[in-house]
Amino acid sequence: MNLSLSEDQVLIKESAEKFLNLNYSFEKRRSFLENKKEAYKKNWKNFAELGWLGLAFSEDVGGFDGNINNTMTLMESLGSALVSEPLIFNNLVVGKFFEKFLYVKGNEHLKEIISGEKIYSLLFSPNQNYKNLILDTLIVKKENNKTTVSGKYNFIFGLDEFDYLITPILIDNKIHVYLLKKNIDLFDTRNYETIDNLVVSEVEFNSLELKENSLLLTINKKEFFEKLSYIIDYATLAMCSQALGIIDKMYALTLEYCKTREQFGKKIGAFQVIQHRLVDMHIVKEEMRSLNYMGQLSMEEEQQRIKSISLSKIFLGTNAKHMSQDCIQLHGGMGVAKEMSIGHYFARITTFCSLFGNSDYHKERYAIND
Amino acid sequence: MNLNYRDEDNKFRKEIKDFIKSNLSEEVLKKASNGGKYTKDEIVNWQKALFKKGMFASNWPKEYGGCDWNPMQRYIFDQETAFANTPQIVPFGVTMVGPVIIKFGTSIQKERYLPKILNSDHWWCQGYSEPGSGSDLASLQTKAVSEGNNYIVNGTKTWTTLAQHSDWMFCLVRTNTKCKPQEGISFLLIDMNSKGIKVEPIITLDGSHEINTVYLEDVVVPKDNLIYEENKGWTVAKYLLSHERTSIAQVARSKSAIKKLKYIASQETYSNRPLINNVRFRDKLTKLEMDMHALEYSELRILSDEAKGAALGSEASFLKIRGSELQQKISELTLEAVGSFGIIQSNESNIEKTNEYFPGPEYANNVGAEYLNLRKTTIYGGSNEIQKNILSKMVLGL
Ligand SMILES: Cc1cc2nc3c(=O)[nH]c(=O)nc-3n(C[C@H](O)[C@H](O)[C@H](O)COP(=O)(O)OP(=O)(O)OC[C@H]3O[C@@H](n4cnc5c(N)ncnc54)[C@H](O)[C@@H]3O)c2cc1C
């Protein structure tokens, strides 16, 4: 048994941190947020050059063997730097989609994803209780040999800069997956900013014609959802890993603050109630890491996977969320000032709690699968 | 206090309801019930109307122009205004500095300040905290040096709520450095239009502008503006703090927030059933209601003792702790109830106005912002850790 970081992981962690400290500091990030489009292009190119876009995929599509531990290590670093580019959606989810559903050696789509040449996104909605996960409310019409689709969807991620939209649609009780092209298949997207400066989109189809030549595959419902469930769990774990990076960072910032802030002629970290709270935080962040490892080791066995990913997500929505609140509290007024980084970490934890199913959703899922 | 409503209580309730109806449009109230914030003008107009009707300054004696309501009347007023989502009375003038001036002010000071507080011509802010002095307020460094008939004030106040709107600030300053910290503090009233004052916004997590840093550079403050005696500011501040902490419990507003939460949970669905019927969710909601009633009846017990003449002591700390926690917990569960719409930035309270319009239901528009914003409740007004220190010392004798 080996639950320590591998040499690869150490390397990935160090190089990611080095790169992010230099190129994705809190100050730099602020300027990225002011010009998101430009920042996305620049950063995505960098991510591709660093090999990050291939980390989760095997060598024969241009990746780096797809080791899950390595991928999750990178996710953690992205979390600590509050990276806003939707790697989970424009890289992991879509890449895993092609891997699971359309795997052929040298898959062209995967190559494009890994090289960063083209941006893919999957039309699904990882909201808090997976209502309309794959747009079950779309209306499909067949008339004069034409199939059209209409309807509106919320909480789609990864549409900031997409070229292709992988679109699963239920037709005649089978899932048809289309590859829609930006500016060719016309539909409306409206982008919104979240409380932690991510972009979330609303997509609306108005009798969009689904053309035969954009059909990627047809698959029965059961198989589709089994495979999708793996992909979603993978993405959920990636989000929990980012959250782990955030929680680690919040802990470090708070500890540092308590060691420097003085009141009543002492460091506030000298008060025993504060010490106990910091100790609790220390334990929470370690437990969170342990559950994260459990998730990484359980991905390939379905029942284990479902249960352990749910546990990680429940932990995020309960103990880790509570800890994030405590971190703000111990910063006093500084905790609520937007110019400090701690609040930005707090906001992102808040967002993550509500995506990919909240803790109540996962408690139920765990119970059903136990 | 007896909680069986008598005819006169019901009559009073109806008066308040009618008054709200005739002063605030349904549209304005609806906006507020969805988390919209009132403008300065809306708040001032509301306060002015209350005063005209004789419903303002419920905590002031009649001879000073207050309405001197009994606890039942205050309770009813708070409930009705909270349920209707009226503007909240800004506490710094009427709730905080008003009673201080009544208790410690000279007759000239009373004449000068009280009428303008009553008719809301003056907006006040509280200048206590400094960058280096929050929990340890007594360590404050803003200096007031005596020069003839004036003090020259230099220093920095921070986290100052609504200083951007303020005409006056009540301020703690250091007038003596050669003694125990508490003994060298004075309570000054400072005209915010004085030369040498600069107010800079602090933007909070929700993107709103509520608090500020106030820089004071060689600000000339006439000695007539000193309340009570020089170096006796701590006594005044302590008297005031007990007022701040009771109003901070916000029971009625929390009750109203729970009502809204229940409405949301009846509209939202989970597995095709109303969310409110989901046992996991419902249990959390019931727990909140329990907390709310435990707080409500604790406050009523305290008010009732107070009406019988008992001095309000450290109980205020208890109300502050539970009241602030409850506000946070309600906002947390409301965030859960509105689903992922809660994480989309409000187009209402965020001053950056990044989102042109809000894609979700109206009631979800400010929910995420509110959750972020309310982290403040356990920090301000003396943090909850400090309240616990007070209780363990004053009540438990530890
Ligand atoms: C939104 C908002 C509005 C405010 N409005 C005003 C205003 O209008 N006027 C004004 O004067 N002030 C205002 N304040 C300031 C507020 O009163 C202070 O933030 C508060 O007193 C805490 O001080 P601090 O921020 O310096 O935190 P610190 O005192 O530095 O405390 C940091 C942390 O350490 C804890 N701590 C400190 N000492 C101890 C101890 N002895 N034992 C255990 N724990 C301890 C605190 O509880 C806190 O969690 C406001 C604050 C906020 C957030």
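A polar contact here is a pair of N or O atoms within 3.5 Å; within protein, one must be able to donate a hydrogen and the other to accept it, and residues adjacent in sequence count only if both atoms are side-chain atoms. Keep that in mind for the ligand. What you see is a predicted model, where local features need pLDDT of at least 70 and side-chain atom pairs count only at pLDDT 80 or more, while totals for chains, interfaces and linings use all residues. Residues are numbered from 1 along each chain as its sequence is written, chains are lettered from A and ligands numbered from 1 in the order written, and side-chain values use heavy atoms, with hydrogens and water left out.

Now find the ligand, which lies between chains A and B. There are 30 residues around it (each with a heavy atom within 4 Å), and among those that come nearest are R261(A) and E385(B). On the chain A side, a backbone N or O atom of G333(A) sits 2.7 Å from a ligand oxygen, and Q329(A) also has a backbone N or O atom 2.7 Å from an oxygen of the ligand. Over on chain B, T161(B) puts a polar side-chain atom 2.6 Å from a ligand nitrogen. Taken alone, the ligand exposes 970 Å², and the protein buries 95% of that (areas by the Shrake-Rupley method with a 1.4 Å probe).

Which elements give two or more residues to this shell? They are helix 8 (272-298) and helix 9 (302-330) of chain A, plus strand 3 (150-161) and helix 12 (384-394) of chain B; helices are DSSP runs of H or I with at least four residues, and strands are runs of E with at least two, numbered from the N terminus.
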